[in-house]
Amino acid sequence: MPARRRHRRPRPGPPPPRFVLDATDLLAPPPGRPDPDWGLPRVLWNGKDQPPFDWPAALADLHRHLLLPDLARDTGHHVEVTALGTRVVATHLDGRPLQRGEPTSVLRAHHVLAGHRRTLDPAHVLAYARLHADLAPHLPGMDLTLVLAAAHAGLGAAEIVAAHRDGTLTLEKVELLAALLPGWA
């Protein structure tokens, strides 16, 4: 009697790469040497050419408008950030300057920031970064999650701003646009 063959299901591939926006990264010490790839994580940019956008400014606005409002709501603490070279760093905690050389100040900030993170789709982040220069003046008051999805769906900065102003920038409409224009997303 011949041996019975087992049919194996193919193993699932690795999970898709994700971009993690972590609040404790705002306390990382400055690098000893320049960041490779202009400070962009490899999950976003693996090219040898300089990216066609200002990554530190885009990352600072991701923190300001996506991560830090949730942190303020959850903890009652207000954190201010700035782009410094290729990094984004916390500069103030509850209105007071953050003293990097003072251990108690850094420990307090780490306690406040620990555990606050958002996991984002790298394609959404990259699409947003490409539009950031035109979107930056309009970001206050916008739902950045919708802005990321709309940028990935193929909307331009002017279209996103107009849709937000008119009140028509909704998740349902962005998902519909992404479904209708699959080549864009």
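1. Partly exposed means a relative accessible area between the buried limit, under 20%, and the exposed limit, over 50%. Asp-94 has a relative accessible area of 29%, so Asp-94 is partly exposed. This is a predicted model, and the points below should be read as such.

2. Asp-94 deserves a look for its backbone too. Its phi is positive, about 55°, although Asp-94 is not a glycine. Most residues other than glycine have a negative phi. Where does Asp-94 sit? It is in the loop between strand E3 (87-93) and strand E4 (96-97).

3. Next, the largest pocket. Its volume is about 270 Å³. The lining counts 16 residues. Those nearest the pocket centre are Asp-25, Gly-39, Pro-41, Leu-59 and Arg-87. Three elements give two or more residues to this lining: strand E1 (19-22), helix H1 (55-75) and E3. E1 provides the largest share, with 4 residues. By class, the lining has 9 nonpolar, 3 polar and 4 charged residues.

4. On to the charged pairs. Side chains of opposite charge can pair when their charged atoms come close. The structure holds 7 salt bridges. One of them joins Asp-22 to Arg-117, with the closest N and O atoms 2.7 Å apart. Asp-22 belongs to strand E1 and Arg-117 to strand E5 (residues 117-120), so this pair ties together parts that are 95 residues apart in sequence. Asp-22 is buried, because its relative accessible area is 11% and the cut-off for buried is under 20%.

5. A salt bridge within helix H1 links Arg-64 and Asp-61. The N to O distance is 2.8 Å. The two residues are 3 apart in the helix, so about one helical turn separates them. Is each partner buried or exposed? Asp-61 is buried, at 9% relative accessible area. Arg-64 counts as partly exposed, at 35%.

6. Arg-165 and Asp-166 also meet in a salt bridge, at 3.8 Å from N to O. The cut-off is within 4 Å, so the pair qualifies. Arg-165 is exposed, with a relative accessible area of 61%. Asp-166 counts as exposed as well, at 54%. Elsewhere, salt bridges that share partners join Asp-70, Arg-73, Asp-74 and Arg-118 into one network.

7. Pro-17 lies in the segment before E1. Its C-alpha atom is separated by 7.8 Å from that of Asp-121, although the two residues are 104 apart along the chain. Pro-17 is exposed, with a relative accessible area of 53%.

8. Finally, the surface. Which residues make the nonpolar patch of about 290 Å²? They are Leu-176, Leu-180 and Leu-181. Leu-180 lies in helix H6 (residues 171-180). Its relative accessible area is 60%, so Leu-180 is exposed. Patch residues need over 30% relative accessible area, and therefore Leu-180 clears that cut-off.

Conventions: Residues numbered from 1 in each chain as written. Predicted model: local features only at pLDDT ≥ 70, side-chain atom pairs only at ≥ 80, totals over all residues. Heavy atoms only, no water. Patch = residues over 30% accessible without salt bridge, like charges linked within 9 Å, V, L, I, M, F, W, Y side chains within 5 Å. Areas by Shrake-Rupley, 256 points an atom, 1.4 Å probe, with all protein chains shown as cover. Salt bridge = Lys/Arg side-chain N within 4 Å of Asp/Glu carboxyl O. Buried < 20%, exposed > 50% of the residue type's maximum accessible area, 1.4 Å probe, protein only. 1 Å grid on protein atoms, 1.4 Å probe; cavity = no way out; pocket = protein on both sides within 12 Å on 5 of 7 lines; lining within 4 Å. Points joined across faces, edges and corners; volume = space filled by probe spheres on them. Nonpolar A, V, L, I, M, F, W, Y, C, P; charged D, E, K, R; others polar.
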